[in-house]
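Trainee: I have a structure open in front of me and would like to learn how to read it. Could you walk me through it?

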Amino acid sequence: MPEDQDDAAEDDGDAVVLGTGRRATTGFAALANGALAHALDYEDAHDPSRTHPNAAPVAAAVALASARPGVTGREFVLAIALGSDVTC
């Protein structure tokens, strides 16, 4: 990774990187959170579509919600539900 991107990935944003106590830009946090979900196998499965429909939407929703004050629980859950629906 180029040095300027590496600097942007660490402690240079408002989004939570789960399990680290760190924050990063929204994109990097969503990527790290999704990688964590896949690596630790904290995923559900949707057999008809052969997908893990919630790893990516939950990772992205956590990153976005933590970076944007005022996101309600209802909006958070709706975003995950819509992301899961699109994935399947």
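Mentor: Happily! Keep in mind that this is a predicted model. Let's begin with a pair of helices: the axes of α2 (residues 26-39) and α3 (residues 55-67) come within 8 Å and cross at roughly 145 degrees.

Trainee: Which hand does the crossing of α2 and α3 have?

Mentor: The crossing of α2 past α3 is right-handed. On the α2 side, the contact is made by T26, A29, A30, N33, G34, A37 and H38. On the α3 side, A55, A59, A60, V62, A63, L64 and A67 take part.

Trainee: How many residues of each class are in that contact?

Mentor: Sorted by class, the contact has 10 nonpolar and 4 polar residues, and no charged ones.

Trainee: Let me step back to the whole chain. In what order do the elements run?

Mentor: Starting at the N terminus, the order is α-β-β-α-α-α. That comes to 4 helices and 2 strands. The chain has 88 residues, and 23% of them count as buried.

Trainee: And what should I look for inside?

Mentor: A general idea helps here: in soluble globular proteins, nonpolar side chains tend to be buried together. In this model, the largest nonpolar core has 6 residues: A15, V17, A24, A29, A63 and A67. Both β1 (15-17) and α3 give two or more residues to this core.

Trainee: Which residues does A67 touch, leaving out those up to four places away in sequence?

Mentor: A67 touches D14, A15 and T26. A15 is also a member of the core, while T26 belongs to the contact between α2 and α3.

Trainee: Now a single residue. Is S84 buried or exposed?

Mentor: Look at its relative accessible area, which is 15% for S84. Buried means under 20%, so S84 is buried. You will find S84 in helix α4 (residues 73-87). Beyond residues up to four places away in sequence, S84 touches P53, N54 and P57.

Trainee: Then why does P48 count as exposed?

Mentor: P48 has 72% relative accessibility, and exposed means over 50%, so P48 counts as exposed. P48 is found in the loop between α2 and α3.

Trainee: How can I tell whether the chain brings separated parts of its sequence together?

Mentor: Compare separation in sequence with distance in space. P48 and C88 are 40 residues apart in sequence, and their C-alpha atoms are 8.4 Å apart in space. For the chain, take the contacts between residues at least 6 apart in sequence: 36% of these join residues at least 24 apart.

Trainee: Where does E43 lie, and which residues is E43 in contact with?

Mentor: E43 lies in the loop between α2 and α3. Setting aside neighbours within four places in sequence, E43 is in contact with A37, H38, H52 and A55. E43 and N54 are 11 residues apart in sequence, with 6.7 Å between their C-alpha atoms.

Trainee: Last one: how much surface is accessible in the chain?

Mentor: The accessible surface comes to about 5,900 Å², and 56% of that belongs to carbon and sulfur atoms.

Note on methods: Residues numbered from 1 in each chain as written. Predicted model: local features only at pLDDT ≥ 70, side-chain atom pairs only at ≥ 80, totals over all residues. Heavy atoms only, no water. Axes fitted to C-alpha atoms, helices over the stretch in contact; angles between N-to-C directions. Left-handed = near helix turned anticlockwise from the far one by under 90°. Contact = heavy atoms within 4.5 Å. Nonpolar A, V, L, I, M, F, W, Y, C, P; charged D, E, K, R; others polar. Buried < 20%, exposed > 50% of the residue type's maximum accessible area, 1.4 Å probe, protein only. Core = buried A, V, L, I, M, F, W, Y, C linked by side-chain atoms within 4.5 Å. Areas by Shrake-Rupley, 256 points an atom, 1.4 Å probe, with all protein chains shown as cover.
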